[in-house]
Amino acid sequence: MGTSRGLKVCCAVTAIFIVMIAIIFTILAFTVFKPKDPEITIYPQGLENIGFGLGGISNLSTANVNVSVAMIVAINNRNYGSFKFKNATAFVNYRGDVVGTVPIEQARVPAHGKLNISTVAAFMMDRLTANSSFWEDVLAGSVNLSTDVTMHGKVTMFKVFKIQASVPSRCDISLFIQSQSVESICKTKIKL
């Protein structure tokens, strides 16, 4: 009889302990370890390459201008897990038209760490200038662009748990002609 009662007490204490551990892990998962959206900022560094090509001197309407802008993409990971992502391409849009691309090479952003990625944005100026609103925006003093990219990869927590994740990001970029300054606001949302 004594062993049966001792076994029941032992099982009850173990069950209570397991329930308490489950509650603690649940609370931590929804508070401390809850995935936070990374902060992404774009820092254009200046014009790197301007190339002009004409489809013939008499036909200036077929002028082809490509501009490359060096930039730094700064990623601030506010999570307890590192994020390793694959190669991605950001598309630069102007009023609904794709006018450029930005390649982003694969990298790993450490937990609670920062990463700066050097890249080059290649603009297709013929597409940009073909938009009837472009010159109006230039004369008004600012040109508004946006970039869209989704980075796919894995989140690693404590070097044990690996979870597939994707981070879509949208940046609104304003180029101010007179002051020759740039302002960017990026929004990201991590998806597990």
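Start with one term: a residue is partly exposed when its relative accessible area lies between the buried range, under 20%, and the exposed range, over 50%. You will need it soon. Keep in mind that this is a predicted model.

**Stop 1: the whole chain**

Show everything as a cartoon. The protein has 3 helices and 10 strands. Follow the elements from the N terminus: the order is α-β-β-β-β-β-β-β-α-α-β-β-β. Now colour by burial. Of the 192 residues, 32% are buried. Switch to a surface view. About 12,500 Å² is exposed, and carbon and sulfur atoms supply 62% of that area. Contacts reach along the chain too. Take those between residues at least 6 apart in sequence: 62% of them join residues at least 24 apart.

**Stop 2: residues 7–30**

Select residues 7–30. An unreviewed UniProt entry lists this span, along with residues 50–75, under "transmembrane region". In the model, residues 7–30 are 100% helix and 0% strand. The C-alpha atoms at the two ends of the span lie 35 Å apart.

Now pick cysteine 10 and cysteine 11. Is cysteine 10 buried, partly exposed or exposed? With 47% relative accessibility, cysteine 10 is partly exposed. Cysteine 11, at 46%, is also partly exposed. Why is there no bond from the sulfur of cysteine 10 to that of cysteine 11? The closest cysteine sulfur to that of cysteine 10 is in cysteine 11, 5.8 Å away, and that is too far for a bond. A disulfide needs the two sulfur atoms within 2.5 Å.

**Stop 3: strand E4**

Move on to residues 88–94, which form strand E4. Colour the strand by burial again. Of its 7 residues, 5 are buried, so the rest of the structure largely encloses E4.

Add residues 97–104, strand E5. E4 and E5 run antiparallel and are joined by 7 bridges. Zoom in on tyrosine 94: opposite this residue, in E5, stands aspartate 97. The two strands make a hairpin, with 2 residues between them. Click on arginine 95 in the turn. Its phi is positive, about 50°.

Next, add residues 142–157, strand E8. E8 also runs antiparallel to E4, and 3 bridges join the pair. Find valine 92. Which residue in E8 is its bridge partner? The partner is threonine 147.

While the strands are on screen, show their side chains. In a regular strand, side chains alternate between the two faces of the sheet.

**Stop 4: the nonpolar core**

Select Ile75, Phe85, Phe123, Leu145 and Met151 as sticks. These residues have the most contacts inside the largest nonpolar core, which has 36 residues. Which strand gives the most to this core? E8 does, with 6 residues.

**Stop 5: the disulfide**

Finish with cysteine 171 and cysteine 186. How many disulfides does a search of the whole structure find? The search finds 1. This disulfide joins cysteine 171 to cysteine 186, with 2.0 Å from S to S. Look along the S-S bond: the angle about it is 110°, and the link is right-handed. Now find where the two ends sit. Cysteine 171 is in strand E9 (residues 161–176) and cysteine 186 is in strand E10 (residues 181–188), so the link ties together parts 15 residues apart in sequence. Last, check the burial of cysteine 171. Its relative accessible area is 2%, so cysteine 171 counts as buried.

Methods: Residues numbered from 1 in each chain as written. Predicted model: local features only at pLDDT ≥ 70, side-chain atom pairs only at ≥ 80, totals over all residues. Heavy atoms only, no water. Buried < 20%, exposed > 50% of the residue type's maximum accessible area, 1.4 Å probe, protein only. Helix = DSSP H or I, 4+ residues; strand = E, 2+ residues; numbered from the N terminus. Pairing = 2+ DSSP bridges. Core = buried A, V, L, I, M, F, W, Y, C linked by side-chain atoms within 4.5 Å. Contact = heavy atoms within 4.5 Å. Areas by Shrake-Rupley, 256 points an atom, 1.4 Å probe, with all protein chains shown as cover. UniProt positions renumbered as here; feature names shortened; annotations may be inferred.
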